[in-house]
Amino acid sequence: MTSTRSNTTIAWLVCALVAAAQFGNYYVYDSIGPVADLLQQQRGFSDTQVGLLNAIYSLPNVVLILVGGILVDRFGAARMTVLTAGVCLLGALLTAFSPSFEVMAAGRLLFGIGAETFGIATMAAVAQYFAGAQVAFAMGLTLAIGRLGSFSADMSPTWFASAYQNWQPPLMIAAASAATAFAAALVYAGIARRHPAPGAPAPSAERFEWRDLLHFGRAYWYLLALCVLWYSVILAFRSTFSIKYFQHVHGLDLAAAGAMNGYVYLAAVFATPAFGWLCDRLRRYAPFLAFGALLLPLALAVLALTHWSLWISTVLIGISYSLVPAVMWPLTSKLVGPERFGTAIGLMWVAQNAGISGANLVAGWLNDRAAAGPQNPAGYEPMMLFFGVASVLGAACAAALWLSAGDKEHEQARRPH
Ligand SMILES: N[C@@H](Cc1c[nH]cn1)C(=O)NCC(=O)O
């Protein structure tokens, strides 16, 4: 009894440390947008250079993240969390103290190399300490604190207004949050050494075989397809095009369009753990995933085909953005064994990074080709059709997953009690 209670305390301590580390990392991830204007005014950076500082984050991960996932399985979540948090800190410091654009870009590259593998290692840590019970709630909490980091970076010009006289202090604040993430990772690793997770596989010395990648079950491949389609649509739309779409098609000014977009983040902070808790409580995952995936095409249809209040589509996207991640990652931990969890997520994120880049390029190309803009709001229709089709395919994959692996017995089969 006492041992169960102390295991639970340790698991929640690990969850709190991982969440604190996620906060720091997501803060650094979103730290470029708020200083973009200062970088242009004070350092003469072009739009392309500012864009590259974020693009260079995903570019190497189209390949490297799979290696990262394999390394997590091989060397363990704790060691890889510390290593990658250290790489992220170096990247953030290089970015903040860069004498030139090239060094700043190198800093963002280093940060990208560390941050995505860090994401896998931290998910693996939570999956191992909460193997079975409460895994979705715990993962939802860490994701929510990560989203709070993104939201804080967006709010930093208001919260740290005096730092925003010059491009460097805001990036030093970002480096300080990377240092906090590194400290949290070190404490977590110390705890993991003394109290290994009950669900942790022994670090493996087995040689990696490429053909092992094909040995995941059918349900995993549906999940991978959903991950690519859903994240590509939601991130390309919400992070890149939605603000100008709201301005040009629905007549919002920049502040109102930005706020409408920001509410989705804020909602996710509260709703992601709440949905995770609900799934754990009902012990059902796949039906919730299918419901969340279905809300995305519905929201896009409301936006593109009706004149209903923008609040309706914002609420639908907000629920989808909270529900799908809250279920997708815990469900992955139930579909694949703990010894292959890192590799499974790595493979999903390889395809996801390629999909997000591809969706951004296709949507931009469709808008340019149709001359979309304030004078021609109809020019956004091909982009909305593209996003609509991709999100319907995503929802179809979620439905197929539900049919193939979402029955009650299967979902609970991997529970240890
Ligand atoms: N591979 C990451 C990509 C990401 C998404 N938002 C920020 N980075 C991922 O899928 N993370 C899980 C998440 O939902 O944030």
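Tutor: A helix is a DSSP run of H or I with at least four residues, a strand is an E run of at least two, and both are numbered from the N terminus. Residues are numbered from 1 along each chain as its sequence is written. The model is predicted: local features need pLDDT of at least 70, side-chain atom pairs count only at pLDDT 80 or more, and totals for chains, interfaces and linings use all residues.

Student: What is the phi of Gly76, which follows H4?

Tutor: Helix H4 covers residues 61-75. Gly76 comes after H4, and its phi is positive, near 95 degrees.

Student: How many helices and strands does the protein chain have?

Tutor: Both are counted along the protein chain. The strand count is zero, and the helix count is 15.

Student: Is Ile56 buried, partly exposed or exposed?

Tutor: Ile56 sits in helix H3, residues 47-58. Count the other C-beta atoms, placed from the backbone, within 10 Å: 20 or more is buried, 12 or fewer exposed, and in between partly exposed. Ile56 has 19 such neighbours, so the class is partly exposed.

Student: Which residues does Ile56 touch, leaving out those up to four places away in sequence?

Tutor: Contact requires C-beta atoms, placed from the backbone, within 7 Å. Phe111 is 55 residues away from Ile56 in sequence, with 9.5 Å between their C-alpha atoms. The residues that Ile56 touches are Ala105, Arg108, Leu109 and Gly112.

Student: What covers the buried residues of H4?

Tutor: The buried residues of H4 include Asn61, Ile65, Leu66 and Asp73. Their cover includes H3, H5 (77-96), H6 and H13.

Student: Which elements give two or more residues to the shell around the ligand?

Tutor: A residue belongs near the ligand if its C-beta atom, placed from the backbone, lies within 6 Å. Those around the ligand are Glu116, Gly119, Leu143, Tyr231, Pro325, Trp349 and Gln352. The elements giving two or more are H6 (101-129) and H13 (341-369).

Student: Which helix gives the most to the largest nonpolar core?

Tutor: Such a core joins buried Ala, Val, Leu, Ile, Met, Phe, Trp, Tyr and Cys residues through C-beta atoms within 7 Å. The largest has 145 residues, and Leu289 is among those touching the most other members. With 19 residues, the top giver is helix H9 (residues 218-250).

Student: What share of the residues in the protein chain is buried?

Tutor: The chain has 417 residues. Its C-alpha atoms fill a box of roughly 65 × 50 × 40 Å along the principal axes. The buried share is 51%.

Technical notes: Two residues are in contact if their C-beta atoms, placed from the backbone, lie within 7 Å.
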